[in-house]
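Q: I'd love a close look at one part of this model, taken slowly and in plain words. Could you walk me through it once it is on the screen?

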Amino acid sequence: MPIDKKFVDQFVKVTSNAALAASYLVGKKDKIAADKAAVDSMRSDLNDLNMIGEIVIGEGELDEAPMLYIGEKLGKNNGPLFDIAVDPLEGTNFAANNLPGALSVIAIAEKNKLFKAPETYMEKISTKANEKKVVDLDYSIKKNIFNLSEFLNKKPENITACIMDRPRHNEIIKDLKELKVKIKLITDGDISGALLVTDNKYGVDIFLGIGGGPEGVLAATALDAFGCSFQGRFLFETDEDKKRAIEMDIKDFSKKYEINEIISGDSIFCATGITSGDLVSGIKIKGDEFFSETLVTHKYADLKKVIKLKQKI
Ligand code: VTB
């Protein structure tokens, strides 16, 4: 069943308030305090909504996170059934060090339509080309760039690839350099990185590399509404990772997930800026009011826009 449009405004307020709560801790060199502020605000606001929500991607399991843990039930226990994924503070380093790009993020889907992602790394690839067989996690970097080059009618040297700056990406970066692709290196924040393919104004044609699995699912929700491509493959490296995967009913550890296996049906995605970044501006406070910017998608309503709010603190 489509998600009622009235929930868009409600979830925009949820991430806006969480972003405000975290904004007081921007530049305070305390990732944990900033994260906690966003988590507390988000949890309290979600519990005020007329829905029967369940966290499928959150701040960990009950024993390691007291709030917004996987399986936690939220809402007033009346209304529609939702699966909820949260990253109340995406880019804890950005917030702690007052750097661009900290976001408060949530994704809502119809019950059982959002993948329950374990907290492991995920290999990801996204582009604006949603045609099958243009890019694929199983192709070499060269094949992906050549295919994309043909699809976009752009020479490889005019293609921009966004990737997180991590030693694990050295090989990919070397290949991209050899192909003369323009590289946009990001230090953190791969939800935002993946979403840079959604609009030509960001100047990014392809996002790739290994980042958090939960962040992959959150980005996939927005990419689905934008009609962009996304594939993800979880990386289960330790025995602990494998054990958790089995508990989450994942049988094939090397499966490549297509976007419609991660998110199907209707969904709402909201990402509010805490500090200003590529996608949205950060929280601004003037007197007893605050201003927030939220990138919002609502799939069935074909809504994809930045919503600016002015609210009383
Ligand atoms: C990413 C990114 C996050 O962690 O998921 C990344 O989106 C995971 O990789 O913003 P590393 O362990 O190599 O950092 C963050 O950078 C921080 O949570």
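Why is there no bond between the sulfur of Cys162 and the closest cysteine sulfur? And once that is settled, which residues are around the ligand?

A: Happy to, with the reminder that this is a predicted model. Let's start with the cysteine. The closest cysteine sulfur to that of Cys162 belongs to Cys228, and at 14 Å it is too far for a bond. A disulfide needs the two sulfur atoms within 2.5 Å. Cys162 is also buried, its relative accessible area being 0%. Cys270 can be read in a similar way: Cys228 holds the closest cysteine sulfur here too, 18 Å away, which is too far for a bond. Cys270 counts as buried, at 0% relative accessibility. The disulfide count by this rule is 0.

Now for the ligand. The space it takes is the largest pocket. Around the ligand you will find Glu90, Gly91, Tyr121, Met164, Arg166, Arg168, Asp188, Gly189, Asp190, Gly211, Gly212 and Glu215. Sorted by type, this shell has 6 charged, 4 polar and 2 nonpolar residues.

Three side chains from that list are worth zooming in on. In Asp188, a side-chain N or O atom sits 2.3 Å from an oxygen atom of the ligand. Tyr121 places a polar side-chain atom 2.5 Å from a ligand oxygen. For Glu215, the distance from a polar side-chain atom to an oxygen atom of the ligand is 3.2 Å. As for cover, the ligand taken alone exposes 410 Å², and the protein buries 76% of that.

Conventions
Residues numbered from 1 in each chain as written. Predicted model: local features only at pLDDT ≥ 70, side-chain atom pairs only at ≥ 80, totals over all residues. Heavy atoms only, no water. Near = heavy atom within 4 Å. Polar contact = N/O pair within 3.5 Å; in protein donor to acceptor, adjacent residues only side chain to side chain. Areas by Shrake-Rupley, 256 points an atom, 1.4 Å probe, with all protein chains shown as cover. 1 Å grid on protein atoms, 1.4 Å probe; cavity = no way out; pocket = protein on both sides within 12 Å on 5 of 7 lines; lining within 4 Å. Sits in = over half its atoms within 2 Å of the grid points. Nonpolar A, V, L, I, M, F, W, Y, C, P; charged D, E, K, R; others polar. Buried < 20%, exposed > 50% of the residue type's maximum accessible area, 1.4 Å probe, protein only.
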